[in-house]
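Please open the structure in a viewer and keep the selection panel at hand. The tour below proceeds from stop to stop, naming what to select and what is to be found there.

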Amino acid sequence: MNRIYKIQKVMLVKIKECEAIPITREKSLDWERIHMVGCAKIGLSLAGRRGVDPDLAAMACAVHDFGRIITGINEGHAEAGYGPVQEFLAKLGFVTEDEIRQIAIAVKNHSRKGEIGSPLEELVKDADLIDFRQYGFDFEREDQRLRYERIAEDIG
Ligand SMILES: [Fe+2]
């Protein structure tokens, strides 16, 4: 079993555990499952042309909404995931310290769609928007729309 499979499998377990937390959720856990797998797949397909390691791309995409998965709150969820995702990844035993550091930064910054970050950060932001849009949802923010237009031009 490779790490791309493993990270999605452990995220499905994590999401399952979150079913027991009695909180109001802005996005359903069904959506979190679908979006987690969708983003991992898209991240993997973007990795080669972006010069990003495929494992790193898929792992970062799979965990990017960790903050919302554990809190149920959308506002500030990227920043909310920064610490918890590091703890989560460190316990898995198959993600290196350097990868955890890079993934956590991508998690923290993924909502800043109007800013440009590292290739991994950019890949996570783009995978997030591509996956969201493919289900027919409309973007709420201008920075999301502008980024998506650029991606759409780029990938046709
Ligand atoms: Fe997000």
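How do the residues of the lining of the largest pocket divide into nonpolar, polar and charged? The lining holds four nonpolar, eight polar and eleven charged residues. The model on screen is a predicted one.

**First stop: the largest pocket**

Begin with the pocket itself, which has a volume of about 470 Å³. Its lining comprises 23 residues, and those closest to the centre are R68, N74, H77, R141 and Q144. Select these five and centre the view on them. Next, colour helices α2 (29-50), α5 and α7 (119-134), the elements that each give two or more residues to the lining. Of the elements, α7 contributes the most, with three residues.

**Second stop: the iron ion**

Now select the iron ion and display the residues that coordinate it: D65 through OD, H77 through NE2 and H110 through NE2, at 2.0 to 2.2 Å. Along the sequence, these donor residues follow the spacing D-x11-H-x32-H. Two of them, D65 and H77, are twelve residues apart and link distant parts of the chain: D65 sits in the loop between α3 (54-63) and α4 (66-71), while H77 belongs to helix α5 (residues 77-92).

Are D65 and H77 buried or exposed? D65 has a relative accessible area of 3% and is therefore buried. H77 is buried as well, with a relative accessible area of 6%. H77 was also met at the first stop, among the residues closest to the centre of the largest pocket.

**Third stop: R68**

Select R68, another residue from that central group. R68 is located in helix α4 and is buried, its relative accessible area being 5%. Show its side chain together with that of N74: the two form a polar contact of 2.9 Å. Beyond the residues up to four places away in sequence, R68 touches R25, K27, W31, E32, H35, I73, N74 and H77. This list includes H77, one of the residues that coordinate the iron ion.

**Fourth stop: R25**

From R68, proceed to R25, in the loop between α1 and α2. Which backbone oxygen does the side chain of R25 reach at 2.9 Å? That oxygen belongs to I69. In addition, a polar atom of the R25 side chain lies 3.5 Å from the backbone oxygen of R68. Leaving out residues up to four places away in sequence, R25 touches C18, R68, I69 and G72. For a sense of scale, measure from the C-alpha of R25 to that of V52: the two residues are 27 places apart in sequence and 33 Å apart in space.

**Fifth stop: H35**

Return to R68 and select H35, one of the residues that R68 touches. H35 lies in helix α2 and counts as buried, at 2% relative accessibility. Apart from residues up to four places away in sequence, H35 touches H64, D65, R68, D128, D131 and F132. Among these is D65, a donor to the iron ion. H35 and D128 are 93 residues apart in sequence, yet their C-alpha atoms are 8.0 Å apart in space.

**Sixth stop: L129**

Move next to L129, in helix α7. L129 is buried, with a relative accessible area of 3%. Setting aside neighbours within four places in sequence, L129 is in contact with K113, F139, Q144, R147, Y148 and I151. One of these, F139, stands ten residues away in sequence and 8.5 Å away in space, C-alpha to C-alpha. From F139, a second C-alpha distance may be drawn to G76, which is 63 residues apart from it in sequence and 17 Å apart in space. G76 lies in the loop between α4 and α5 and counts as partly exposed, at 34% relative accessibility.

**Last stop: R3**

Finally, select R3, in helix α1 (residues 3-18). Is R3 buried or exposed? Its relative accessibility is 18%; R3 therefore counts as buried, the limit being under 20%. Display D55 as well, whose side chain is joined to that of R3 by a polar contact of 2.9 Å. Aside from neighbours within four places in sequence, R3 is in contact with D53, D55, M59, F94, V95, T96 and E99.

Technical notes
Residues are numbered from 1 along each chain as its sequence is written. This is a predicted model: local features need pLDDT of at least 70, side-chain atom pairs count only at pLDDT 80 or more; totals for chains, interfaces and linings use all residues. Side-chain values use heavy atoms; hydrogens and water are left out. Donors are N, O and S atoms within 2.8 Å of the metal (3.2 Å for Na, K and Ca); water is not among the atoms, so sites may look incomplete. Helices (H or I, at least four residues) and strands (E, at least two) are DSSP runs, numbered from the N terminus. Buried means under 20% relative accessible area, exposed over 50%, partly exposed in between (1.4 Å probe, protein chains only). On a 1 Å grid over the protein atoms alone, a cavity is a set of points where a 1.4 Å probe fits but cannot get out, and a pocket is an open set with protein on both sides within 12 Å along at least five of seven lines; lining residues have an atom within 4 Å of a point. Grid points are joined across faces, edges and corners, and a volume is the space filled by probe spheres set on the points. Ala, Val, Leu, Ile, Met, Phe, Trp, Tyr, Cys and Pro count as nonpolar, Asp, Glu, Lys and Arg as charged, and the others, Gly among them, as polar. A polar contact is a pair of N or O atoms within 3.5 Å; within protein, one must be able to donate a hydrogen and the other to accept it, and residues adjacent in sequence count only if both atoms are side-chain atoms. Contact means heavy atoms within 4.5 Å.
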